Amino acid sequence: MSDIHQRISASFDAQGLMKTIGAKLASVTDGEVQIEMPFSTALSQQHGYVHAGAVTSLVDSACGYAALTKAPQGFEVVTAEFKINFVRPALGERFLAIGRVQSAGKLLAVCTGEVRAFTGDGPDYKVIALMQATVVNVQGR
């Protein structure tokens with residue numbers, strides 16, 4: 001396991017919310033993190049779709065962890081702002097959030113995120129949400 005993957009994995013494993021929604025790290029590379037989540041009725045809203053709050057949490061974490069791959073040693077990250085567009089209902093058996101760093105500086109990283117819904121084990125998916133986020137590097141505790 002690479003140093004970057006180890007750093008992201010340790011932080012991810014400390015997050016109670018990701019455990020609560022059943023999310024797992026799918027991929028960690030320099031500047032990109034993918035997080036997957038299975039469908040659960042516990043995360044649904046009144047129409048049976050996965051709730052926007054769960055989808056937002058998933059892609060916010062993917063963007064934040066992508067930014068952490070670029071943060072200097074001794075720093076952690078927090079989200080300063082984001083904009084999310086839901087482009088279709090969150091229907092699927094599993095979901096994959098992909099966070100990518102578009103620009104990283106000393107204090108800020110600008111990231112984009114995408115959430116894909118899969119209805120089976122195959123490669124076919126539909127994009128259900130898009131995010132743009134600004135993530136801030138903060139001194140670690």
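**Entry 1: alanine 54**

Which residues does alanine 54 touch, not counting residues up to four places away in sequence? I looked this up in a predicted model, and I found that alanine 54 touches Ile21 and Leu43. I then placed alanine 54 in its element, which is helix α3. I also asked whether alanine 54 is buried or exposed. With a relative accessible area of 9%, alanine 54 is buried, because the cut-off for buried is under 20%. Finally I compared alanine 54 with arginine 88: the two are 34 residues apart in sequence, and their C-alpha atoms are 15 Å apart in space.

**Entry 2: the sheet**

I next turned to the strands. In what order do the strands of the open sheet run? I noted the order β1-β2-β4-β5-β6-β3, formed by 6 strands with antiparallel pairing. At the edges I recorded β1, residues 24-29, and β3, residues 75-86, each of which pairs on one side only. I also noted the turn between neighbouring strands of this sheet, which is 20° on average, with direction ignored. As a reminder to myself, strands of a sheet pair through backbone hydrogen bonds, in either a parallel or an antiparallel manner.

I then examined one pair of strands. How many bridges join β1 and β2? I recorded 5 bridges between β1 and strand β2, which spans residues 32-38, in the antiparallel sense. Within this pair, I found serine 27 opposite glutamine 34 in β2.

**Entry 3: helices across the sheet**

Which strands does helix α1 lie across? I noted that helix α1, residues 3-13, lies across β1, β2 and β3. Its direction is at about 155° to β1. Helix α3, the element that holds alanine 54, spans residues 52-68. I recorded that helix α3 lies across β2, β3, β4 (94-104), β5 (108-118) and β6 (125-139). Helix α3 runs at about 135° to β3.

**Entry 4: cysteines**

How many disulfides does the structure hold? I recorded 0 disulfides. I then asked why cysteine 63 and cysteine 111 form no bond. The closest cysteine sulfur to that of cysteine 63 is in cysteine 111, at 5.2 Å, which is too far for a bond. Seen from cysteine 111, the closest cysteine sulfur is likewise that of cysteine 63. The cut-off I applied is that a disulfide needs the two sulfur atoms within 2.5 Å. I also checked burial: cysteine 63 counts as buried at 0% relative accessibility, and cysteine 111 is buried with a relative accessible area of 0%.

Key
Residues numbered from 1 in each chain as written. Predicted model: local features only at pLDDT ≥ 70, side-chain atom pairs only at ≥ 80, totals over all residues. Heavy atoms only, no water. Buried < 20%, exposed > 50% of the residue type's maximum accessible area, 1.4 Å probe, protein only. Pairing = 2+ DSSP bridges. Helix = DSSP H or I, 4+ residues; strand = E, 2+ residues; numbered from the N terminus. Axes fitted to C-alpha atoms, helices over the stretch in contact; angles between N-to-C directions. Contact = heavy atoms within 4.5 Å.
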